[in-house]
Protein chains: 2
Amino acid sequence: MLPDTLTFAPRNCGDCPIRHRAVCARCDADELTKLDQIKYYRSFSAGQSVIWSGDNMDFVGSVVSGIATLTQTMEDGRTQMVGLLLPSDFVGRPGRNQAAYDVVAVSDLVMCCFRKAPFEQMMTETPHIAQRLLQMTLDELDAAREWMLVLGRKTAREKIASLLSIIASRNATLEMATASGEMVFDLPLTREAMADYLGLTLETVSRQISALKRDGVIVLEGKRRVTVPDFDRLMEEAGDDSDGGILS
Amino acid sequence: MLPDTLTFAPRNCGDCPIRHRAVCARCDADELTKLDQIKYYRSFSAGQSVIWSGDNMDFVGSVVSGIATLTQTMEDGRTQMVGLLLPSDFVGRPGRNQAAYDVVAVSDLVMCCFRKAPFEQMMTETPHIAQRLLQMTLDELDAAREWMLVLGRKTAREKIASLLSIIASRNATLEMATASGEMVFDLPLTREAMADYLGLTLETVSRQISALKRDGVIVLEGKRRVTVPDFDRLMEEAGDDSDGGILS
DNA sequence: GTCGTCGTTTGATCTGGGTCAAAGTCAGAC
DNA sequence: GTCTGACTTTGACCCAGATCAAACGACGAC
């Protein structure tokens, strides 16, 4: 457990893998030095809980590596995932002391944390941080609204295809993309987590994945490794405009 | 049509009904003067479209009075509401030129608009605006996540109860609250719009409203005026923690 | 090796909410 | 007044996805 995650810690921000995408993306060298002074790393192993809804939360931070989920739970145990946190995503809300959601590490996870008070202080002093945070929050809001369409109006099959295309394209920027147009990636989530993401049961998730496999939309190696032979086909199955609507 | 909405326009920001809740809330007198110079009002009558998804959008703005909806539409016509815009809510995204959603006036509507370029200019100069916009965006993100739980995991009855309690509590701050603990308000949405909000069909909305009425959770006068005799009961029906979880 | 656990698949059955259809209510136009 | 159209309600029926249940596969502990 906790293999080299602790030794992982990049000593200075210049070497950080998320330097140009996280909340610090716009900071100049000076600002980075200041951040460097108040930052600290925390590691979590897969399955571990980062924070519980309602807990006192005295830090904010960025996911450096690994994946975490943001979920909401009803009294009777029904749960809905409301955020999927990938490297560079921000956790916590400046100006709030209590966590509003459960945060759980889905894989081994490293976070770059800042104590809340000094971070909020810095936010007022260095507009670059607030600017970047606004941009990231607006992006998250757009993602949440896309997700609302998925939850409210798509069929189970479309939901699965949507999730697969989201994961595929989030990874696309990073790696993968087998020249030939094929895409290969590992599902970071269990069937149950996918069900929580999509407002389904895990059985339905399993059945629809099997169906997409049977129909040749995806190819599976084992239970986690997915190959998408034709991404446009997957987008069609997701019910999305195939000519990916250009925003921004 | 378009009754006194145009003459409505408050001449200066000091008199504005949303002065202390909109994106300008934190501005001081100086900043307000600058905003005053670049603002203009636009009126829309009920049912009119403010902007279509994909349209070029050269302004941003705040809802001054009236109600509008933000919706997404799939190619085959399925629609999902992704935002309900009440007075003081912000429309548009700085740094984006195309509208991402359809915006439709549900009632007669007055908006306070700013051309995008000067507004973005001001945002970089006066941190008060960006600060407030960040706060508002974070609030919207929280609301979107709450909404995701509703869409993904609640039953039709719970969905209706949730919507009613959201509308009730959004209004609560303003007016209403019959001392006795009763709440009375008008539904601003048609059954169809409620269905779009909740990921249901209008028939199901109608049936569930009838059921809540039959069970005494709400009382209807006509089709739009709602009385809630016992708000805690309504919250229970919504499946929410009755002891309203305190965040912030 | 066996056992236990966790994640997954598959089958059988049930049901909440969708779909199709018809009729009711109300406000504004004429 | 009555006609029209928008909105709403209610009924009958059906199906996608939930629920209940069983079994399978992979992996780590022993």
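**Exercise 1: a helix under cover**

Work out which elements cover the buried residues of helix 3 of chain B, and which side of the helix they are on.

*Solution.* Start with the cover. From chain A, it includes helix 4 (127–153). From chain B, it includes helix 2 (29–38), strand 3 (59–65), strand 6 (90–91), strand 8 (109–115) and helix 4 (127–153). Keep in mind that you're looking at a predicted model.

Next, list what is being covered. Helix 3 of chain B spans residues 116–125, and its buried residues are Lys116(B), Pro118(B), Phe119(B), Met122(B) and Met123(B). Now look down the axis: these residues cover an arc of only 165°, so they sit on the same side of helix 3 of chain B.

Finally, turn the helix around. On the other side of helix 3 of chain B you'll find Ala117(B) and Thr124(B), both exposed.

**Exercise 2: one face in, one face out**

Which residues of helix 2 of chain A are buried, and why do they line one face of the helix?

*Solution.* Begin by picking out the buried residues. In helix 2 of chain A (residues 29–38), they are Glu31(A), Leu32(A), Leu35(A) and Ile38(A). Down the helix axis they fall within an arc of 120°, so they line one face of helix 2 of chain A. Here's the background: an α-helix has 3.6 residues a turn, so residues three or four places apart point the same way.

Then see what this face meets. The buried residues of helix 2 of chain A pack against strand 1 (39–44), strand 8 (109–115), helix 3 (116–125) and helix 4 of chain A. The face turned away from the buried side carries the exposed residues Ala29(A), Asp30(A) and Gln37(A).

Last, check the end of the helix. Asp28(A) caps the N-terminal end of helix 2 of chain A, with a side-chain oxygen 3.2 Å from the backbone nitrogen of Asp30(A).

**Exercise 3: a residue in a loop**

Decide whether Thr126(A) is buried or exposed, and find what it touches.

*Solution.* Locate it first: Thr126(A) lies in the loop between helix 3 and helix 4 of chain A. Its relative accessible area is 4%. The cut-off for buried is under 20%, so Thr126(A) counts as buried.

Now for the neighbours. Leaving out residues up to four places away in sequence, Thr126(A) touches Glu31(A) and Lys34(A). You've already met Glu31(A), as one of the buried residues of helix 2 of chain A.

**Exercise 4: the whole chain**

How many helices and strands does chain A have, and what share of its residues is buried?

*Solution.* Count the elements: chain A comes to eight helices and eleven strands. Then take the burial figure: 52% of the 248 residues in chain A are buried. As a last step, look at the contacts in chain A with a separation of 6 or more: 73% of them are accounted for by residues 24 or more positions apart.

**Exercise 5: two copies**

What turn and what shift lay chain B on chain A?

*Solution.* Try a turn of 180° and a shift of 0.0 Å along the axis: chain B then lies on chain A with an RMSD of 0.0 Å. The two copies are thus related as by a two-fold rotation axis. Now compare the surfaces where they meet. The same surface serves both copies, as 100% of the contact residues of chain B recur in chain A.

**Exercise 6: the DNA strands**

Which residues come nearest to DNA strand C, and which to DNA strand D?

*Solution.* Take DNA strand C first. It has 17 residues around it, and the nearest are Arg191(A), Ser206(A), Ala156(B), Thr204(B) and Arg207(B). Sugar and phosphate make up 63% of the atoms of DNA strand C within 4 Å of the protein.

Next, zoom in on some polar atoms. The side chain of Ser206(A) has an N or O atom 2.8 Å from a phosphate oxygen of DNA strand C. For Ser210(A), a side-chain N or O atom is 2.9 Å from a phosphate oxygen of that strand. Arg207(A) reaches a base: a polar side-chain atom lies 2.9 Å from a base nitrogen of DNA strand C. Helix 7 of chain A gives the most to the surface near DNA strand C, with five residues.

Now do DNA strand D. Of the 17 residues around it, Ala156(A), Thr204(A), Arg207(A), Arg191(B) and Ser206(B) come nearest. A side-chain N or O atom of Thr204(A) is 2.4 Å from a phosphate oxygen of DNA strand D, while Ala156(A) has a polar backbone atom 2.7 Å from a phosphate oxygen. Here helix 7 of chain B gives the most to the surface, with five residues.

Technical notes: Residues numbered from 1 in each chain as written. Chains lettered and ligands numbered in written order. Predicted model: local features only at pLDDT ≥ 70, side-chain atom pairs only at ≥ 80, totals over all residues. Heavy atoms only, no water. Least-squares fit on C-alpha atoms with pLDDT ≥ 70 in both. Contact = heavy atoms within 4.5 Å. Near = heavy atom within 4 Å. Polar contact = N/O pair within 3.5 Å; in protein donor to acceptor, adjacent residues only side chain to side chain. Helix = DSSP H or I, 4+ residues; strand = E, 2+ residues; numbered from the N terminus. Buried < 20%, exposed > 50% of the residue type's maximum accessible area, 1.4 Å probe, protein only. Arc of directions from axis to C-beta.
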